[in-house]
Amino acid sequence: MTGTSDSSSDGSISSDDIALPYDRLRDTINALRDEVKRARVLHKPDEPPPRAPQLHMLVHHEEHRPHLFRQKLRVNPEIFDDILDFISGHPIFQNQSNNLQLPVSIQLAIFLNRAGHYGNAITLEDVAQWAGVSVGSVVNCTNRVMIAVLDAHDQFICFPADNSEDADLARKFAESRTCPEWKGGFLAIDGSTMNLFTKPGYFGETFYDRKSKYSLGCQAVILPHNLLIVDYSLGHPGSVHDAFAFRSTHLYEEHADLLPDDHWVWADSAYPLEPWCIAPFKKPRNGRLTKDQKTFNYHLSKVFFLRFIFQ
């Protein structure tokens with residue numbers, strides 16, 4: 001036993017040292033296999049597919065035509081830069097593959113272009129041609145950016161503290177649009193629908209909305225001065241009324257804890273009237289609004305304009 005121990009300490013090669021190069025080779029082969037699988041390229045095509053990528057145009061649009069930049073990616077150039085700075089350090093954009101990932105800026109542009117459009121205009125093939133990449137790369141870029149963005153969900157989707165700068169600016173906005181007594185209305189809510197590609201297989205008719213489309217209902221609670229989303233509810237069928245879907249929001253369930261004293265949320269006439277949820281007066285059936293009610297609704301419209309969010 002003593003001799004065996006001495007020879008090992010004198011520099012004999014262990015089994016781990018022998019296995020290490022093979023482990024590295026196996027990892028490299030696995031990485032290459034995964035890359036080929038994701039790219040969906042199993043053989044060389046007879047002729048190269050025609051590509052005319054337009055990604056380089058974004059640089060020109062950013063400097064000279066920001067409205068075209070926004071049309072393609074659905075965000076202003078400065079917002080794009082902010083998102084890029086925030087997600088660039090995420091580990092999802094780091095790998096040990098021999099094939100390096102696309103730059104994070106390109107992956108983000110591909111994701112925003114795909115997420116910001118709907119229907120036949122945004123098939124995987126269309127995005128691949130626009131970006132000059134493979135269909136598999138479009139899928140990979142989308143998945144990576146989604147992971148990076150969702151990891152920061154709770155950091156950005158949250159109610160502002162009563163003494164925060166956002167809450168103070170929201171109160172000042174409401175006061176400037178109406179009167180000092182209404183500055184407590186520092187939040188607003190509205191609903192919309194998110195169109196589905198096709199009719200769901202289960203209970204599909206319940207997703208058929210008033211616009212004759214299959215959709216999911218979405219509720220968004222925002223700060224009126226900058227449209228920052230602080231709460232949302234997504235998942236109800238598109239046929240569900242806003243007042244019912246509203247009950248699924250964090251705000252409805254815990255309004256006593258989330259809203260400071262003498263504060264409330266603005267809403268439209270589809271929502272229930274509560275001490276903490278203020279909606280305009282509805283025109284009575286076979287009747288008219290009073291002059292005071294019309295005046296109230298007029299001034300409420302000055303601060304409540306959520307209908308523009310989803311356009």
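**Entry: Tyr232 and its surroundings**

I began with Tyr232 and found that this residue lies in strand S3, keeping in mind that what I am looking at is a predicted model. I then asked whether Tyr232 is buried, exposed or partly exposed. Its relative accessibility is 37%, and Tyr232 therefore counts as partly exposed, since that class lies between the 20% limit for buried and the 50% limit for exposed.

Next I looked up what Tyr232 takes part in at the surface, and noted a nonpolar patch of about 350 Å² that Tyr232 makes together with Met194, Ile229 and Leu234. Strand S3, which covers residues 228–237, gives the largest share of this nonpolar patch, namely three residues.

**Entry: the chain as a whole**

I turned to the overall make-up and recorded 14 helices and five strands in the protein chain. The chain has 311 residues, of which 32% count as buried, and it exposes about 20,300 Å², with carbon and sulfur atoms supplying 54% of that area. For the contacts with a separation of 6 or more, I noted that 56% are accounted for by residues 24 or more positions apart.

**Entry: helices H7 and H8**

How do the axes of helix H7 and helix H8 cross, and within what distance do they come? I found that the axes of H7 (residues 124–131) and H8 (residues 135–150) come within 8 Å and cross at roughly 95 degrees, which means that H7 is roughly perpendicular to H8. On the H7 side the contact is made by Leu124, Glu125, Val127 and Ala128, and on the H8 side by Val135, Val138 and Val139.

Conventions:
Residues numbered from 1 in each chain as written. Predicted model: local features only at pLDDT ≥ 70, side-chain atom pairs only at ≥ 80, totals over all residues. Heavy atoms only, no water. Patch = residues over 30% accessible without salt bridge, like charges linked within 9 Å, V, L, I, M, F, W, Y side chains within 5 Å. Areas by Shrake-Rupley, 256 points an atom, 1.4 Å probe, with all protein chains shown as cover. Salt bridge = Lys/Arg side-chain N within 4 Å of Asp/Glu carboxyl O. Helix = DSSP H or I, 4+ residues; strand = E, 2+ residues; numbered from the N terminus. Buried < 20%, exposed > 50% of the residue type's maximum accessible area, 1.4 Å probe, protein only. Contact = heavy atoms within 4.5 Å. Axes fitted to C-alpha atoms, helices over the stretch in contact; angles between N-to-C directions. Parallel < 35°, antiparallel > 145°, perpendicular 65-115°, else oblique.
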